[in-house]
Amino acid sequence: MRYIYLHGFASSTQSAKARFFRNQLGNQLELIDLNLPDFSILLISEQLRRVAEVIGDDEVVIFGSSMGGLIGLILAERWANIKKLVLLAPAIGINSLWQQIVGEEILLNWQQTGKQAIFHYGYQREIELHYKFIEDLQILTDRNFKRQLPVRIFHGQLDLTIPLANSQSYLTNNCDAKLVVLDDDHSLENSLDLIWHQVESFVK
């Protein structure tokens, strides 16, 4: 069994969560850089292609944070060799949330100009991201996933980016999924020890 970690949007393989789980699983956990080829021309469809290429036909457990969690869900619908998912505030329903996340005026300007400066937490600087990112994402399924597989979701009740209700809605379609609600925000960085305690036996 292989273990794959997928970081979130505007993040990197050096995020606090990526480093934490790497410390727990060692080199067994593969960290995939989802910023390739370049964050400014990022497309989720290309990220999906890249992750599927890395996984191949091997059986895997995917750890996915935010957008990485959504990527894990999309891939699990397509590939039976994805055996389990550990999802950290997955970006379920993200397509309807951009106006809330960036603001109506900024979203409109992004669409009109074709570019928007996004603060990239991995690189610690703003990078202009093309609006094709949004258009590409809108083509993809971001909710109503149907596959039954073992899933553990961790979501903070103080999350202001992805509503807790979006993770709760996922449970209605997967009877083998469990949700743990934490007293934390979207980052979940204050709950990592608790999360690991919950998932260690689940993934091994």
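Two rings of Phe, Tyr or Trp count as a pair here if their centres lie within 6.5 Å, with the six-membered ring standing in for Trp. Keep that cut-off in mind, because the tour of this predicted model starts with rings. By that rule, ring pairs tie Phe9, Phe39, Trp98, Trp110, Tyr131 and Phe133 together into a cluster. Across the structure there are 11 aromatic pairs.

Let's zoom in on one of them. Trp110 and Tyr131 sit 6.0 Å apart, centre to centre, with 80 degrees between their planes, so the pair is edge-to-face, a label that applies over 60 degrees. In sequence terms the two partners are 21 residues apart, and the pair links distant parts of the chain. Trp110 belongs to helix α5 (residues 104–113), while Tyr131 is in the loop between β6 (125–130) and α6 (132–139). Both Trp110 and Tyr131 are buried.

Now look at Phe119 and Tyr121, which also make an edge-to-face pair, this time at 5.0 Å between centres and again with 80 degrees between the planes. The setting is less sheltered on the numbers: Phe119 counts as partly exposed because its relative accessibility is 32%, inside the 20% to 50% band. Tyr121 has 59% relative accessibility, which is over 50%, so Tyr121 counts as exposed. There is one more ring to visit, with a charge for company: Lys84 lies over the face of Phe202, at 4.9 Å from the ring centre.

Tyr121 leads us on to the largest pocket. Along with Phe9, Ala10, Ser66 and His186, Tyr121 is among the lining residues nearest the pocket centre, out of 28 that line the pocket. The elements that contribute two or more residues to this lining are α1 (16–25), α4 (98–102) and β5 (115–120). How much space does the largest pocket hold? About 720 Å³. As for chemistry, the lining divides into 14 nonpolar, 11 polar and 3 charged residues.

Two of those central pocket residues have backbones worth a look. Ala10 has phi near 55 degrees, a positive value in a residue other than glycine. Ala10 is located in the loop between β1 (2–6) and α1, and with a relative accessible area of 3%, it is buried. Ser66 also isn't a glycine, and its phi is positive too, at about 55 degrees. Ser66 is part of the loop between β3 (60–65) and α3. Is Ser66 buried or exposed? At 12% relative accessible area, Ser66 falls under the 20% limit and so counts as buried.

Phe9 takes us from the open pocket to an enclosed space. A search of the whole structure turns up 1 cavity of 30 Å³ or more, and the largest cavity has a volume of about 60 Å³. Of the 13 residues lining that cavity, Gly8, Phe9, Leu34, Leu42 and Gln47 are the closest to its centre. Helices α2 (44–55) and α3 (67–78) are the elements that give two or more residues to the lining, and α3 supplies the largest share, with 3 residues. The make-up of the cavity lining is 8 nonpolar, 5 polar and no charged residues. Phe9, then, appears in the ring cluster, in the pocket lining and in the cavity lining.

One more backbone detail: Leu36 and Pro37 are joined by a cis peptide bond, with omega about 0 degrees. Pro37 is in the loop between β2 (29–32) and α2.

To finish, consider two buried side chains that reach backbone nitrogens. Asp142 is in the loop between α6 and β7 (151–156). Its relative accessible area is 7%, so Asp142 is buried. Which backbone nitrogens lie by the side chain of Asp142? The nitrogen of Ile94 lies 3.2 Å from a polar atom of that side chain, and the nitrogen of Asn95 lies 2.9 Å from one. The other case is His120, in strand β5. With 0% relative accessible area, His120 is buried. The His120 side chain reaches the backbone nitrogen of Gly122 at 3.0 Å.

Methods: Residues are numbered from 1 along each chain as its sequence is written. This is a predicted model: local features need pLDDT of at least 70, side-chain atom pairs count only at pLDDT 80 or more; totals for chains, interfaces and linings use all residues. Side-chain values use heavy atoms; hydrogens and water are left out. On a 1 Å grid over the protein atoms alone, a cavity is a set of points where a 1.4 Å probe fits but cannot get out, and a pocket is an open set with protein on both sides within 12 Å along at least five of seven lines; lining residues have an atom within 4 Å of a point. Grid points are joined across faces, edges and corners, and a volume is the space filled by probe spheres set on the points. Helices (H or I, at least four residues) and strands (E, at least two) are DSSP runs, numbered from the N terminus. Ala, Val, Leu, Ile, Met, Phe, Trp, Tyr, Cys and Pro count as nonpolar, Asp, Glu, Lys and Arg as charged, and the others, Gly among them, as polar. Rings of Phe, Tyr and Trp (its six-membered ring) pair if their centres lie within 6.5 Å; planes under 30 degrees apart count as stacked, over 60 as edge-to-face and the rest as tilted. Buried means under 20% relative accessible area, exposed over 50%, partly exposed in between (1.4 Å probe, protein chains only). A charge sits over a ring if NZ of Lys or CZ of Arg is within 6 Å of the ring centre and within 35 degrees of the ring normal. A polar contact is a pair of N or O atoms within 3.5 Å; within protein, one must be able to donate a hydrogen and the other to accept it, and residues adjacent in sequence count only if both atoms are side-chain atoms.
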